[in-house]
Amino acid sequence: MSHCSFSGGEEYKNHFQPGIYVCSECGHELFSSMSKFEHSSPWPAFSQTIREDSVSKHPEAWGPIKVCCGKCGNGLGHEFLYDGPREGLSRF
């Protein structure tokens, strides 16, 4: 099992072994390695969450959507709409 914390999450940018990424604060399941993809950003990139309640989303005025752990509220980064590996998918 891998842990995901986007303040320093660069540790998992090139990590593609099978597993589940969980919140570094509370262990809540966030992303599956099956939804992870290579991206030019310096952080790990995922196309979808494990469950709808894996994360909470908070729109920001400047465009992207702030993403937090759905259980404890730990900040995880942002969701960028339509920037996923295929048309119509987002990037977390």
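This report describes the salt bridges in a predicted model.

## Overview

The structure contains three salt bridges. Glu29, Arg51 and Asp53 are joined in a network of such contacts, and a further salt bridge pairs lysine 57 with glutamate 79.

## The network around arginine 51

Arginine 51 forms a salt bridge with glutamate 29, with 3.4 Å between the closest N and O atoms. This pair connects distant parts of the chain, 22 residues apart: glutamate 29 belongs to strand β3 (residues 29-32), whereas arginine 51 sits in the loop between β5 (45-46) and β6 (55-59). The side chain of arginine 51 also meets that of aspartate 53 in a salt bridge, at 3.2 Å from N to O.

The members of the network are partly exposed: glutamate 29 has a relative accessibility of 30%, arginine 51 has 35%, and aspartate 53 has a relative accessible area of 45%.

## The pair between β6 and β8

Lysine 57 and glutamate 79 form a salt bridge in which the closest N and O atoms are 3.0 Å apart. Lysine 57 is in strand β6 and glutamate 79 is in strand β8 (residues 75-79), so this salt bridge ties together parts separated by 22 residues in sequence.

The two partners fall into separate accessibility classes. Lysine 57 is partly exposed, with a relative accessible area of 44%. Glutamate 79 has a relative accessible area of 5% and counts as buried because this value falls under the 20% cut-off.

Methods: Residues numbered from 1 in each chain as written. Predicted model: local features only at pLDDT ≥ 70, side-chain atom pairs only at ≥ 80, totals over all residues. Heavy atoms only, no water. Salt bridge = Lys/Arg side-chain N within 4 Å of Asp/Glu carboxyl O. Helix = DSSP H or I, 4+ residues; strand = E, 2+ residues; numbered from the N terminus. Buried < 20%, exposed > 50% of the residue type's maximum accessible area, 1.4 Å probe, protein only.
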